[in-house]
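Work through the exercises below with the coordinates open. Each task is followed by a solution in steps.

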Amino acid sequence: MRRSIYTKVFLILVLMVLMAFRIMAQDVASRRITVPQKECSIQTVFTEMKGQGNIVLSYGNSLPLNRVLKFETTNVAVSTILRLIREATGFTHKIQGDKIILIPPAKKYSVSGFLRDEASGENLIGANIYTLPDFRGTTANAYGYYSLTLLSDSVTLSVSYVGYQTKRMKFFLEKDTVLNVSLTSEVLDEVVVTSDESARDITHMSTVEMSVGQLEALPRLAGEVDVMKGLQLLPGVQGGSEGSSGLYVRGGSPDQNLILLDGVPVYNVSHLFGFFSVFNSDAINHVELIKGGFPARYGGRLSSVVNITMKEGNQQELHGEGSIGLVASRLTLEGPIKKNKSSFIISGRRTFADLFVRPILRKTSDGKEDQGYYFYDVNAKFNQTINSHNRLYLSAYSGRDKTRTSTTEELFRDDVHYRRKDDYDLAWGNITTALRLNSVLTPTLFSNITATYSRFKMDTRKEIDEFTKNSKEEKHDHFKNLYTSEIRDFALKADIDYIPSLTHAIKFGGYGIAHEFSPGSLTYRVGAADTTVGSYRINAVEFGAYAEDDITVSKRLKVNLGVHYSGFHVEAKKYSSVQPRLALRYLVSDKISVKASYAQMQQYIHLLSNVGVGLPTDLWVPATSVATPEQSWQGAVGFTYNPDNTYELIVEGYYKNMTGLVEYKNGASFMNLDKDWQTKIETGNGESYGGEIFLKKKEGAWTGWLGYTLSWAYRKFENIDNGRRFPFKYDRRHDLELAVIYTWNKRIDLAFTWVYGSGYPTSLPTASYSGYHGDDHADFGYHYGYAYPSRNNFRMRAYHRLDVTLSFFKQKKWGERKWIFGLYNAYSRNNPFYLSIQEDPTGQSNSKVIQHSLFPVIPAISYTFKF
Amino acid sequence: MRSASIIFVLFVFVSCGLQTQVELDIPAEQQKLVANCFFSADSVWDVHVWKSKHALDAKNVEADRVPNATVVVKDGATANPLSYDGQYLTFRSKEKATTGKSYTLTVSAPGYETIASTVTIPEAVEIVEVKSERTLFPEMPEYYQRIFEIRFKDPAHRLNYYALSIQNVSNNSFNRENTPMLTRPLNPTFAEDYYSEWFQHYKVSTAEYNLLFNDRLFDGSDYTFKVACFEQNIDEATPLEYIIILKSIGEEYYQYRVTYNLQLESKDDPFAQPVQIYNNIQNGYGIFAGYSQSVVKHKVR
């Protein structure tokens, strides 16, 4: 009992002492000090506090005593003084009785490193790394690098990437720290739709990323996985004519797409006259499409950026995959050269039909006929980690299409022996290479220096060899006709990422490109003499610089401000442009963000296209005084809604204005070689506007998306249609895409896509009249000419198509095999490809409009394997 | 190998094109007058007058003629009315045109808007020399061709347009007498795109009856134009003579013929943009153009 009383007394005394301290502390803070004037240095204020308030002050040397504090009156409370000191210097305080201890602000240190796949060592582009519990962070750049600057404290970091197990790390940050994080892939039974962070969070809009797994799961034409056809399934993107691999983004033309393979522009992305693209999905790691609100680091094209990143090669062990399909077969090998130091990937694809069709043709024609077509492409990449700060990459792509026809005729008559051999070739292809050095200069400074080469070349060859022999003489004649078109780029560029704090992510850099244009020349040889006509080689230099800052203004508001400068020198002409870029994101709530963007773009090269479907005969030409640079500006607004991690809704509206567009004059084509190409073109303007809805389901057994676009696209050329505005060839009012991927179980996947598009415009005549044949024709007959009131004055029927794919997986001892069965145009809809007028040859009946369709239902089967 | 061949054939088979006849409502535009006249200083006016029709209407030339039209050609203040010739189905005059003068054609008819056009006849460019030789025809070695070298002096510092044709004086299985023969330029840059399909059945890829070209490649020079045409395998004793006609034409006729032929050529091309036929008739359709010509007889034997 007594002991209990003592204890109580002791506790009461302790409590009283504590209360006394508290009262004293309060007393110190509330004391008032008279300062000599309203603006005094900290040193002066401290002198007064010691003198008048009898306050003991404790602080370190880092406190800037000469910093001036501003007061509203000369009689101020100590608490006010301490607040002003904190605001001016960052020093906080602690009160112990009459003693005030000033505590210096915590130091900031960086955490930086690479985010990679645990098994393969591949970069996880766009993976998230953020602090907990306040969710402040960043994403890995195109090389998997990230940098965070945080206060020295206990830090909990979370690293996440869709399809990977999230990793959390807790540590005390007391110095600049390199933290390379490898994530383990989840054993997924389903395909994930996106690999990026939530669209709600990022500042930029109009950007879509696609994973390779998703591309491979989608139905495909003739069994060939196709990046470009995958992108065509997104809102705001048209595919052009049936089966084409073209991209018409927000009313733009195919030449307005900057298509980058490992940072190198690819000029012609078509195999087989546009039915397949040149990108082999086995070699691809990441695909990104930017339709608007372009970051300042991109320039040179008006309408889109397609950024395709190749895999780097497995760092850990040798792997391979391949497939055998109806059109082409593929094989890919990747693995370490020195584990965790260097790796390679090499991937090849080739069609094989010619390998067995040509021998049959040769045999059945006694060697007099030979025809064939093939395409191939090879991707290769090598990377070497030089040290912890530097890594070297060498990547290359080479692809080629070639069609060949050869016929031989032989005649024996009387004493004459005559032999003639005709050869015709058409070949085209790209070569790209990139040598890249990634360097971590400081934990917050990452550089990427790249030297690139890109070439697209098309050539057609017609060769005739004639031999005539009779009793009097022997004659040998040779005629050769070679038409070539080529563009070559040599480029050097530097890109720097600087991340000084959590509120700023700065990117800046510069580039120079030496272009070499040879836009079509014809060399013909009759006998021994060569004659070359057509356009000559044109050299041009393009250069530029950019800077952008992704600024976190507040928790809700993020702004990306940037500027891109570019210049172009060609044949004593100089062009330049300053292009401002702006993107805003405002978080309305945890689930909704609203966005806006504005971007100006300038393009110094044009594509002259007769048909607009990406044929190899299209000519790349530079901007000149006749064909001035193309310019555009685009404004967009939108919002994103993320109710949870599974669903995402993106709604955007845009307006784009384009000037300096080029088009062939009516009837002109690439083969009229007596005239320079500049005399065969018209220049004009264009505009497009519309709205897009993109609803995604990102996780679960059922994944996929629904896209809808309502759009208008027009062109206006002074000498076409009397200068009136007319609908763009691929103006489509309504466009809807549904893509669904269902993972039945671990062994079966089902995927289908359904697309609907209102009819493309086409030109049909409204009147016909008798034309004048004069004395040109032997029969003096009359033909009717047609009068077109305007270009693209009619709409074709609506387009819709269902594609289905069923995949069967099986694990084998050596790896995994997959059988893929597919149907393209499953219900065999006769979709319009083009319209023509069929006349009655007798002239007695009226003409008819005929719709031509290209593909009915096309079954496909392919076999793929991975080991 | 065999199964792969079958799969390939199947793939090609199912990929064959399909076609569907569709009903499209093409609105009719108001009918317009059509005037076609290609005249020279040596000939009388000869104007064909038609009316236009709906694009899908049956093509019947005779039903489209407008014989009750009023056709006048003005030379400055002088108006020459043309009368309808029921035999030749054209509007004709007795007067002849003069090189270098401007002429205005007006055509009116009840129920139609009056149409008009003005042109000038270009100066003739004389043929200086013609040479020829016979060789085997490359695409059809069982036949012969004759290569003509036609020399003329192109007037400098202006864009000149020409139409070249060759006629065979004798009648034979290839050529009717005094009608243009199929000819082809040896320099392929003078071959127009529309040549190819028209004469495919002759296996001649770049031939035309009337070669149209301009002087961009030889402005102001003494130029030798080389062309080839069929020649029947006749014996050396048979007389052989050709007529070479070099017409100096205006840009309007050149544009009209090129666009007219291109429209014919491209109407079945699914990718081609429609070609509007060049038209120098105000409020209507057609062509009103003049030419001068140099004619040389070339006797082979």
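**Exercise 1.** Is B:R65 buried or exposed in this predicted model, and which side chain does B:R65 meet in a salt bridge?

Solution.
- Start from the relative accessibility of B:R65, which is 10%.
- Buried means under 20%, so B:R65 counts as buried.
- Next, look for the partner: the side chains of B:R65 and B:E62 meet in a salt bridge, at 3.0 Å from N to O.
- B:E62 has a relative accessible area of 46% and is partly exposed.

**Exercise 2.** Classify both residues of the salt bridge between A:R391 and A:E312 by burial, and state which parts of chain A the pair ties together.

Solution.
- The N to O distance of this salt bridge is 3.3 Å.
- A:R391 lies in strand β29 (residues 390-413), and A:E312 in the loop between β24 (304-310) and β25 (319-324), so the pair ties together parts that are 79 residues apart in sequence.
- A:R391 is buried, with a relative accessible area of 5%.
- A:E312 is buried as well, at 4%.

**Exercise 3.** Do the same for A:D731 and A:R795, whose side chains meet in a salt bridge.

Solution.
- The N to O distance is 2.5 Å.
- A:D731 sits in the loop between β45 (725-727) and β46 (734-743) and A:R795 in strand β51 (residues 794-795), so parts 64 residues apart in sequence are tied together.
- A:D731 is buried, with a relative accessible area of 1%.
- A:R795 is partly exposed, with a relative accessible area of 31%.

**Exercise 4.** Place the salt bridges in the context of the whole model: how many are there over all chains, and which residues, A:R358 among them, are linked in a network?

Solution.
- The count over all chains comes to 42 salt bridges.
- The network links A:R358, A:R362, A:D370, A:R404, A:K421, A:D423, A:D425, A:R461 and A:E463.

**Exercise 5.** Describe how helices α2 and α3 of chain A are arranged.

Solution.
- The axes of α2 (residues 42-53) and α3 (residues 78-89) come within 12 Å and cross at roughly 155°.
- Angles over 145 degrees count as roughly antiparallel, so α2(A) is roughly antiparallel to α3(A).
- The crossing in which α2(A) passes α3(A) is left-handed.

**Exercise 6.** Which residues form a nonpolar surface patch with A:V378, and where does A:V378 lie?

Solution.
- The patch consists of A:L318, A:L333, A:I346, A:V378, A:W814 and A:F867, with about 520 Å² of accessible area together.
- A:V378 lies in strand β28 (residues 369-387) of chain A.
- Its relative accessibility is 33%, so A:V378 counts as partly exposed.

Methods
Residues are numbered from 1 along each chain as its sequence is written. Chains are lettered from A and ligands numbered from 1 in the order in which they are written. This is a predicted model: local features need pLDDT of at least 70, side-chain atom pairs count only at pLDDT 80 or more; totals for chains, interfaces and linings use all residues. Side-chain values use heavy atoms; hydrogens and water are left out. Patches are made of residues with over 30% relative accessible area and no salt bridge: like charges are joined within 9 Å, nonpolar side chains (Val, Leu, Ile, Met, Phe, Trp, Tyr) within 5 Å. Accessible areas come from the Shrake-Rupley method with a 1.4 Å probe; for residues, only the protein chains shown count as cover. A salt bridge is a side-chain nitrogen of Lys or Arg within 4 Å of a carboxyl oxygen of Asp or Glu. Helices (H or I, at least four residues) and strands (E, at least two) are DSSP runs, numbered from the N terminus. Buried means under 20% relative accessible area, exposed over 50%, partly exposed in between (1.4 Å probe, protein chains only). Axes are lines fitted to C-alpha atoms, for helices over the stretch in contact, and angles run from 0 to 180 degrees between N-to-C directions. Angles under 35 degrees count as roughly parallel, over 145 as roughly antiparallel, 65 to 115 as roughly perpendicular and the rest as oblique. A crossing is left-handed if the near helix is turned anticlockwise from the far one by less than a right angle, and right-handed if clockwise.
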